[in-house]
Amino acid sequence: MLAVTLLAAQGLVVPTTTPSRARARARMSAEPGTVPDYRALTDAEWRERLGEKEYQVLRKEGTEPAWTSPLNDVKESGVFTCAACDSPLFRTSEKFESGSGWPSFWAPTADEALELKTDYKLLLPRTEVLCAACGGHLGHRFSDGPMPTGQRYCMNGVALRFSSETDDPEEAKRAAASFATSALARRPPLAAVLPELVLGSLLVLGELIGLLARGPAAGAGWAAAALPWLPPGGLAGAVLGAFGTTVVTRNVGLLLASQEDDE
Ligand SMILES: [Zn+2]
């Protein structure tokens, strides 16, 4: 429990008011009937269960300052669980360096682990991410993430706890099994790939028609009419054409790779 110790050392969790993971797990496995109904807990009960920073984020939709979470640096294989209810949410395998200052993932461990809601706090709609088990606020989801989902789950580190595969191999195994069946992880990223694919194809096609219109077809009526609409010829055209080819090749590759994963 190095990560929790680290969190405690930085004052991010208050051990006296935070139910320990071990205790939560013991409660769940030994007496399943006594697992609290997290959805029914009152605000006062949450205040008592959570440290102040956890409470502000999880229950009051607060945002921790960027670059403050020790979880930003976690690279070790393992599972990120909800700091309020211990439910497994993310894995290190789907974590990526977003440069945002908050721990970021491209997919959760399971489709049903999270609940999504639209919020209008900054006027423009944003997708709020909540823990499906306890309803705690975790962060937001943006659609500028990496493949294969194109999603960025931008999480508050204080709303998560990390347990490494070494510390809890069983937890890691369960999370891997649920991730393997997650539709989100396997969904072909067509929607994410399509915009770049269309733009790249237009560039390549434009250059090819341009070559024809400036070369063999020069003087023909359609070539003269098309020229003002075509990308530039010469060196600039060659660069644009090469760029378009790169974009098309990359996106077709991603599309094919995601479909192989699907099988
Ligand atoms: Zn939770």
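**Exercise 1. Is strand β7 enclosed or open to its surroundings, and how many of its six residues are buried?**

Step 1. The structure is a predicted model, and the burial of β7 is taken from its atoms as they stand there. Five of the six residues of β7 are buried, so this strand is largely enclosed by the rest of the structure.

Step 2. Next come the partners of the strand. On one side, β7 (residues 137-142) pairs with β8 (residues 152-155) in the antiparallel sense over four bridges, and β6 likewise pairs with β7 in the antiparallel sense, over four bridges.

Step 3. Individual residues can then be placed against these partners. His 140 stands opposite Cys 154 in β8 and is also the bridge partner of Glu 128, while Phe 142 stands opposite Arg 152 in β8.

Step 4. The hairpin of β6 and β7 has five residues between the strands, and Gly 135 in this hairpin takes a positive phi near 80°.

**Exercise 2. Place β7 within its sheet, and determine which strands stand at the edges.**

Step 1. Six strands form an open sheet in the order β3-β4-β8-β7-β6-β5, with antiparallel pairing.

Step 2. The edges are taken by β3 (95-96) and β5 (114-119), each of which has a single partner strand, so one side of each is left without a neighbour in the sheet.

Step 3. As general background, strands of a sheet pair through backbone hydrogen bonds, either parallel or antiparallel.

**Exercise 3. Describe the largest nonpolar core and the surroundings of Cys 82, one of its members.**

Step 1. The protein has nine helices and nine strands, and of its 263 residues 33% count as buried.

Step 2. The largest nonpolar core holds 36 residues, of which Cys 82, Ala 84, Leu 89, Cys 131, Met 155, Ala 159 and Leu 160 touch the most other members. The elements that give two or more residues to this core include the helices α4 (52-58) and α5 (169-180), together with strands such as β1 (78-82), β6 (126-131) and β9 (160-164).

Step 3. Leaving aside residues up to four places away in sequence, Cys 82 touches Ser 87, Leu 89, Cys 131, Ala 133, Cys 134, Gly 136, Ala 159 and Leu 160.

Step 4. For the protein as a whole, 65% of the contacts between residues at least 6 apart in sequence join residues at least 24 apart.

**Exercise 4. Test whether the length of helix α7 agrees with its number of residues, and list its buried residues.**

Step 1. At 1.5 Å a residue, the 25 residues of α7 (residues 190-214) should span 36 Å, and the end C-alpha atoms lie 35 Å apart, which agrees.

Step 2. The buried residues of α7 are Ala 192, Val 193, Gly 200, Leu 203, Val 204, Glu 207, Gly 210 and Ala 213.

Step 3. In general, an α-helix has 3.6 residues a turn, so residues three or four places apart point the same way.

**Exercise 5. For Glu 61 and Asp 86, which have positive phi values, state the location and the degree of burial.**

Step 1. Glu 61 has a phi near 55° and lies in the loop between α4 and β1; with 16 other C-beta atoms within 10 Å, Glu 61 is partly exposed.

Step 2. Asp 86, although not a glycine, has a phi of about 75°, and its place is in the loop between β1 and β2. With 24 C-beta neighbours inside 10 Å, Asp 86 counts as buried, the cut-off being 20 or more.

Notes. Residues numbered from 1 in each chain as written. Predicted model: local features only at pLDDT ≥ 70, side-chain atom pairs only at ≥ 80, totals over all residues. Pairing = 2+ DSSP bridges. Buried ≥ 20, exposed ≤ 12 C-beta atoms within 10 Å, placed from the backbone. Contact = placed C-beta atoms within 7 Å. Core = buried A, V, L, I, M, F, W, Y, C linked by C-beta atoms within 7 Å. Expected span 1.5 Å × (residues − 1).
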